[in-house]
Amino acid sequence: MDRRQLEYYIGQWLNSPRRKEILTGRRYYNGFHDILDRKRQAIGQEGKLVDVENLPNAHIVDNQYKKLVDQKTNYALGKPITIAGDNEKYVKELEKLFDKNFHRKIRVLGKLAIEGGIAWMHPYYNSEGELRFKIFPADEVLPFWKDSEHTELESAVRVYNQAIFENGTETLKVVAEVYDLNGVTRYFLKGSSLVPIDQQPNFTIDDKPYNWKRVPIIPFKYNSDELPLIRRVKSLQDSLNEVMSDFQNNMQED
């Protein structure tokens with residue numbers, strides 16, 4: 001895929017309803033619901049709605065959505081990882097890799113998958129040659145699938161903000177990383193244009209570059225349709241907030 005195609009697809013994805021829905025799920029989990037922006041309105045002289053400032057306007061958030069996400073995460077991933085086998089030495093090596101820290105990552109991954117419909121894990125080797133895993137939320141990754149069933153990736157683009165110190169100040173820049181079988185190609189995203197930074201192998205051990213045989217971005221899906229929980233419950237959560245806020249408004253008016 002050439003750079004112009006990438007610029008087009010990234011631009012479409014950053015402003016897509018799908019990504020906005022993912023960000024809405026994250027926002028609702030953190031308690032920033034639509035009720036917080038609601039205003040009391042009435043019909044004005046010209047028959048149009050106008051804001052009314054002299055009436056009670058409660059903004060109550062009863063965050064049942066957050067409870068649902070936490071319950072589902074705890075139910076599915078609350079039990080620590082158990083490794084068993086006949087080869088004790090092999091089991092001990094696996095336990096070093098899939099330890100408590102890895103279990104915490106899996107819990108975070110499950111929470112992000114519920115919020116966004118899908119979340120991503122990136123395996124890599126650190127400078128000491130140790131296998132490690134990094135989590136990417138759904139709003140950062142634009143996948144390009146090989147098949148309509150979304151079982152194998154052709155490539156993936158991660159878009160995220162990175163703080164860079166230059167000219168004596170810290171600035172926030174948008175970085176786009178393209179993961180494919182050739183390694184990782186990095187760009188700065190300026191407006192709608194991609195500015196090349198560098199190209200790197202997937203990992204390096206003893207100064208030798210290596211690439212994975214498959215795209216090193218692993219999808220973890222909340223469901224087969226990759227639909228976030230917020231799509232099913234947002235209207236109910238908004239109604240609950242509105243009912244409770246309206247009740248307080250009526251009590252104050254009385």
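This short report walks through the cores, a surface patch and one strand residue of a predicted model.

**Confidence.** The protein chain has a mean pLDDT of 92, and 100% of its residues reach 70 or more. Among its elements, strand 5 has the highest mean pLDDT (97), while strand 10, residues 203-205, has the lowest (82).

**The cores.** Let's start inside. The largest nonpolar core is made of 13 residues, and Trp120, Phe136, Leu153, Tyr179 and Ile217 have the most contacts within it. At least two residues of this core come from each of strand 3 (118-125), strand 5 (141-145) and strand 6 (153-166). Tyr179 is a good residue to click on: leaving out residues up to four places away in sequence, it touches His122, Phe136, Ser155, Ala156, Arg158, Val184, Val215, Pro216 and Ile217. A second core, separate from this one, has twelve residues, including Ile10, Trp13, Leu189 and Leu194.

**Toward the surface.** Met1, in the segment before helix 1 (3-14), joins Tyr8 and Tyr9 in a nonpolar surface patch with about 340 Å² of accessible area together. Val50 belongs to strand 2 (residues 49-51). Here is how Met1 and Val50 are classed:

| Residue | Relative accessibility | Class |
|---|---|---|
| Met1 | 53% | exposed |
| Val50 | 39% | partly exposed |

Why does Met1 count as exposed? Its relative accessibility is 53%, and exposed means over 50%.

Which residues does Val50 contact, leaving aside neighbours within four places in sequence? They are Arg40, Gln41, Ala42 and Gly44. Pro17 is 33 residues from Val50 along the chain, and the C-alpha atoms of the two are separated by 29 Å.

How values were computed:
Residues numbered from 1 in each chain as written. Predicted model: local features only at pLDDT ≥ 70, side-chain atom pairs only at ≥ 80, totals over all residues. Heavy atoms only, no water. Core = buried A, V, L, I, M, F, W, Y, C linked by side-chain atoms within 4.5 Å. Buried < 20%, exposed > 50% of the residue type's maximum accessible area, 1.4 Å probe, protein only. Helix = DSSP H or I, 4+ residues; strand = E, 2+ residues; numbered from the N terminus. Contact = heavy atoms within 4.5 Å. Patch = residues over 30% accessible without salt bridge, like charges linked within 9 Å, V, L, I, M, F, W, Y side chains within 5 Å. Areas by Shrake-Rupley, 256 points an atom, 1.4 Å probe, with all protein chains shown as cover. Salt bridge = Lys/Arg side-chain N within 4 Å of Asp/Glu carboxyl O. pLDDT = per-residue confidence, 0-100.
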